[in-house]
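Q: Can we go through this one together? I would like to talk about strands first and empty space after that.

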Amino acid sequence: MKNQLVMLLLSLGVTLPAAARNLPAQDWPTFGGNAQSTSANPEPTGITAANLGQLVRQQVTIDGTVDASAIYLHGVSIHGAAHDAIFVTTTYGKTLALDAVNGTVLWTYTPASYQQVAGTRQITNTTPVADPDRQFIYAASPDGYVQKLTISDGHPVWRTAITLLAKREKMDSPLKFYQGDVVAVTAGYIGDKPPYQGHVAVLDGASGKLLHVWNSLCSDRSGLLQPAACPQSDSAIWGRAGAVIEPASGNIFVSTGNAPWDGKTAWGDSVIELNPDATAMLGNYTPANTAALNADDADLGSSSPVLLGGDLIAQGGKDGKIRLLSRKAMAGVAPHMDHELQIVSTPSGTDLFSQPATWSHQDQTWIFAADNGGTAAWTLEHGKLQQQWKNNTGGTSPFEAGGLLFVYAPAGGLNIYDAASGRRLTTLPCGAGHWNSPIVLQGRIILPEGNANAHAVSGVLNIWSLPAGGG
């Protein structure tokens, strides 16, 4: 069956890197690869510790900076031909489809608002998400809209606004898709200029209808708020994974940033569990020092929740801490403050802006995190986090594949480690960035570079692969 698939792709004009020719076909349809954003690829990628030195980099210049991650679909039909395709959204809202083999731009969707926002502070750091039917993707733009685009040519099917004040409420985190619905969240811009409120929006994937909105401030009000109509501001939902969705139940987990907290309708610096359509709160947690976090600009929600299976959640923050939480302890609408199971330091004790990766290996759950000053690994043992290794090299959101850990250093360079030991195997040269992170599959490493805050209208996408005959 594998050989038949390869022959079919080759007959349709899809050229595979040498390492991918005997691999199962694979998609990477969303940030982190799945609804819970584990960022661990369980499939063989063809890239191993033994052949890292053979990787060849292609640098693709594109019309914008991708300060986020890419998604990938194998063998999809674009303009009537089959392509292994990469999809990215740039900081000013252009969404591009690129051929993964040669880097050719296959189509570009440009929102009507592009000319008004290009070069300004109104940016986005979102990652698109693919529909499971592999006919459409969903993307966000800094004008506050989510759009459904055809994979075949980038044509918009619908566009729906999820904010009434896009100049204040930022489209910051990846979109998610679950059982027919698109899940999006909003944040704020640097400086937190009011008014804005972080919220969760659920849209019908077929029609684009905005189904439900959960507001983290004035949470007793449903639907989109005029931000000035709510007496509180901020509470951004801006973690790198955005909303994290439990696959079995569809429950939505988010964490919020600086804002007031009252345990009733104001949920700043909290972890929140919502039902699948975001109409009801199922659980909540906030640290006992929530007022201090708010006063010190030490957002709990600088990272998204990490689902560790069963009862456990990990939550990193700008205060340099990773908190291990019990879902049972935070269940219900009554406010739940304090009572963490464990608190450990982030890798260097500084702000955690990245999303940890989780890896199931030899019947153990591993967690990898990187901050500006270090990278570290823990295993989950007897309900507690046990550190396995740590270094002093910072990075963005880690990615595990084939027992290798890929961590992009914002100053430049993609560091590759042995995931279990932490031994650095090599560093692939590339330019500087910000929140960009790699994906690894089908014999390729795909990594955007550049910083959205530079307000550039061009950027670079790196594609590493093994040469023909390599592997």
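A: What follows covers a sheet, a hairpin, then pockets and cavities.

A: This is a predicted model, where local features need pLDDT of at least 70 and side-chain atom pairs count only at pLDDT 80 or more, while totals for chains, interfaces and linings use all residues. Residues are numbered from 1 along each chain as its sequence is written, and side-chain values use heavy atoms, with hydrogens and water left out.

Q: Which strands form the open sheet, and in what order?

A: Four strands, in the order 3-4-5-6, with antiparallel pairing. Strands here are DSSP runs of E with at least two residues, numbered from the N terminus, and two strands pair if DSSP finds at least two bridges between them.

Q: Which ones are the edge strands?

A: Strand 3 (71-78) and strand 6 (105-109), each of which pairs on one side only.

Q: And how are neighbouring strands turned against each other?

A: By 30° on average, direction ignored. The axes are lines fitted to C-alpha atoms, with angles from 0 to 180 degrees between N-to-C directions.

Q: How many bridges join strand 3 to strand 4?

A: Six, and strand 4 covers residues 81-89. I78 stands opposite A81 of strand 4.

Q: Switching to the hairpin: what joins strand 15 to strand 16?

A: Five bridges, between residues 199-204 and residues 210-215, running antiparallel. V202 has H212 in strand 16 as its bridge partner.

Q: Which residue takes a positive phi in that hairpin?

A: G208, with phi near 85°; the hairpin has five residues between the strands.

Q: Now empty space. How much of it lies in the largest pocket?

A: About 370 Å³. On a 1 Å grid over the protein atoms alone, a pocket is an open set of points with protein on both sides within 12 Å along at least five of seven lines, whereas a cavity is a set where a 1.4 Å probe fits but cannot get out; lining residues have an atom within 4 Å of a point. Grid points are joined across faces, edges and corners, and a volume is the space filled by probe spheres set on the points.

Q: What lines the largest pocket?

A: There are 24 lining residues, and G188, Y189, I190, W238 and W435 lie nearest the centre. By class they are ten nonpolar, seven polar and seven charged. Nonpolar means Ala, Val, Leu, Ile, Met, Phe, Trp, Tyr, Cys and Pro; charged means Asp, Glu, Lys and Arg; the others, Gly among them, are polar.

Q: What about the second largest pocket?

A: About 290 Å³ of space lies there. Its lining has 16 residues, with T38, A40, T358, W359 and S360 nearest its centre. Strand 1 (40-41) and strand 25 (357-361) are the elements giving two or more residues, and strand 25 has the largest share, three. By class, the lining has five nonpolar, ten polar and one charged.

Q: How many cavities does a search of the whole structure find?

A: Five of 30 Å³ or more. The largest holds about 60 Å³, and its lining includes V306, Q315, L352 and W378. Strand 22 (residues 312-316) gives the most to that lining, three residues. The classes are eight nonpolar, two polar and no charged.

Q: And the second largest cavity, what lines that?

A: Among the lining residues are W28, F31, S69, F399 and I439. About 50 Å³ of space lies in this cavity, and its lining divides into six nonpolar, five polar and no charged.
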